[in-house]
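These are my notes from an afternoon with one model. I wanted to look up how its parts pack together, and I wrote down each item as I found it.

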Amino acid sequence: MGNKKTPPSMDQWIQEAKHDPDGQQVGMFLVHNGVVRETPKAKVRGGEQTDRQVTGMHFSYDEEKVADALSEVRKMPGIYYARAWLNSGDLDVGDDIMYVLVGGDIRPHVIDALQSLVGKIKGECVTETEVLSP
């Protein structure tokens with residue numbers, strides 16, 4: 001569809017995170033990779049019965065809001081690293097929507113931070129419109 005960005009390498013991101021000044025405090029990393037799926041959100045989340053399928057997505061985001069969300073999550077207990085990459089433009093099924101990496105001291109802290117950050121990004125920072133088949 002066009003205007004898509006090239007996704008980052010998670011191996012590279014993790015290596016960079018390990019060399020971050022706070023990298024020695026991190027005991028685990030979690031990665032979220034959101035992908036454009038064929039099944040409409042209304043069917044997956046709301047149980048709507050439909051035979052229509054997603055053929056693409058129009059996706060954009062507010063950079064300042066994403067930066068604020070990252071800053072907020074870095075203040076959570078035990079969180080020492082957070083980074084996000086978001087795509088933009090017209091995406092196809094299977095394209096990466098976003099990558100989010102969170103690093104922290106222990107599993108419960110990192111799980112909570114990842115859940116919080118992805119929820120905030122999806123709920124407050126992005127605009128996504130599914131393109132459905134006729």
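I began with helix α4 and listed its buried residues (buried meaning under 20% relative accessible area, exposed over 50%, partly exposed in between, with a 1.4 Å probe and protein chains only): Val-110, Ala-113, Leu-114, Leu-117, Val-118, Ile-121 and Cys-125. The model is a predicted one, in which local features need pLDDT of at least 70 and side-chain atom pairs count only at pLDDT 80 or more, while totals for chains, interfaces and linings use all residues. Residues are numbered from 1 along each chain as its sequence is written, and side-chain values use heavy atoms, with hydrogens and water left out.

Looking down the axis of α4, I found its buried residues within an arc of 120 degrees (taken from the directions from the helix axis to the C-beta atoms), so they line one face of the helix. In general, an α-helix has 3.6 residues a turn, so residues three or four places apart point the same way. On the other side of α4, I noted Gln-115 and Gly-123 as exposed. The cover over the buried residues of α4 includes β1 (28-35), β2, α3, β3, β5 and β6; helices (H or I, at least four residues) and strands (E, at least two) are DSSP runs, numbered from the N terminus.

I then turned to the largest nonpolar core (buried Ala, Val, Leu, Ile, Met, Phe, Trp, Tyr and Cys residues joined through side-chain atoms within 4.5 Å), which has 24 residues. Phe-59, Leu-86, Ile-97, Val-100, Val-102, Leu-117 and Ile-121 touch the most other members. The largest share of this core, seven residues, comes from α4. Leaving out residues up to four places away in sequence, I listed the contacts of Val-102 (heavy atoms within 4.5 Å), among them Met-28, Tyr-81, Val-110 and Leu-117. A second, separate core of seven residues includes Met-10, Trp-13, Trp-85 and Tyr-99.

Next I traced an open sheet of three strands in the order β4-β2-β6, with antiparallel pairing (two strands pair if DSSP finds at least two bridges between them). Its edge strands are β4 (89-92) and β6 (126-132), each pairing on one side only. Strand β2 (residues 54-61) and β6 are joined over seven bridges, and in β6 the bridge partner of Gly-56 is Val-131.

Last, I checked Asp-95, which lies in the loop between β4 and β5 (96-104). Asp-95 counts as buried because its relative accessibility is 16%. Apart from neighbours within four places in sequence, Asp-95 is in contact with Lys-4, Gly-34, Val-35 and Val-36.
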